[in-house]
Amino acid sequence: AFAFFLSKLDRDTEIAEKVVIMDNPICSLDSNRRKYTRQQILRRAGVAKQVILRSHDPFFLKSVSVDYPSNDTKLFKIHAFNAQYSTIELWDIYSDTQSRYLEEFKILCDYLDGTYREEVAVARCIRPLLEANLRMRFPDRFLESEWLGDFIKKVRNCSEDSRDDPLSRSEEHTSELQSPVPI
């Protein structure tokens with residue numbers, strides 16, 4: 001059905017004067033078809049007067065908006081308050097689609113700057129952020145099934161002979177991780 005719709009758009013000689021609305025065109029598509037659909041949407045966006053794209057997938061919408069051929073792109077989100085009331089508001093899609101690692105990193109930075117004061121939320125960010133950081137820095141050393149305690153054990157078990165190993169150079173930081181926090 002979507003291919004037929006695109007074909008009709010290609011044959012429309014007055015498309016430059018029309019607004020095209022696409023409602024969740026990637027529903028149930030595999031990654032190759034999603035990529036092709038994205039390309040086709042961007043192609044039509046270059047010729048139509050306006051394209052309105054709606055989807056439940058914010059990452060797909062972000063990928064389209066990054067390469068959208070207009071500088072006048074606006075992103076909106078429908079915010080449902082309850083079953084009877086909702087609003088349409090401007091949407092910061094980049095904030096909503098950033099990785100959890102970056103979200104937690106920003107919380108810690110804001111806390112250190114004094115602009116974030118929810119200490120329980122800050123405390124909840126520390127361990128996952130450390131684990132994610134160690135997995136990125138040492139992808140061949142830490143498995144997804146391993147956690148901070150496993151990391152510390154591996155660092156402490158590095159032999160004295162392996163001082164060139166970046167993992168062994170992390171040992172000086174392990175004592176701080178297991179120190180009691182003053183209340």
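**Entry 1: Glu 104**

I looked up Glu 104 in this predicted model and found the residue in helix α5, which spans residues 100–113. I then asked whether Glu 104 is buried or exposed. Its relative accessibility is 7%, so I recorded Glu 104 as buried, the cut-off for that class being under 20%.

Next I asked which residues Glu 104 is in contact with, once its neighbours within four places in sequence are left aside. I noted Cys 125, Pro 128 and Leu 129.

**Entry 2: Aromatic pairs**

I searched the whole structure for aromatic pairs and obtained four. One of them joins Phe 81 and Tyr 85, with ring centres 5.0 Å apart. The planes of these two rings stand at 25 degrees, so I entered the pair as stacked, since planes under 30 degrees apart fall in that class.

I also checked the accessibility of both partners. Phe 81 is partly exposed, at 47% relative accessibility. Tyr 85 is likewise partly exposed, with a relative accessible area of 48%.

I then turned to Phe 138 and Phe 142, whose ring centres lie 6.1 Å apart. How are these two rings arranged? Their planes are at 85 degrees, and I therefore logged the pair as edge-to-face, a class that requires over 60 degrees.

**Entry 3: Aromatic cluster**

I asked whether Phe 138 and Phe 142 are buried or exposed, and I recorded both as buried. I finally asked which residues form one aromatic cluster with Phe 138. Phe 142 and Phe 151 are its partners there.

How values were computed
Residues numbered from 1 in each chain as written. Predicted model: local features only at pLDDT ≥ 70, side-chain atom pairs only at ≥ 80, totals over all residues. Heavy atoms only, no water. Helix = DSSP H or I, 4+ residues; strand = E, 2+ residues; numbered from the N terminus. Buried < 20%, exposed > 50% of the residue type's maximum accessible area, 1.4 Å probe, protein only. Contact = heavy atoms within 4.5 Å. Phe/Tyr/Trp six-rings, centres within 6.5 Å; stacked < 30°, edge-to-face > 60°.
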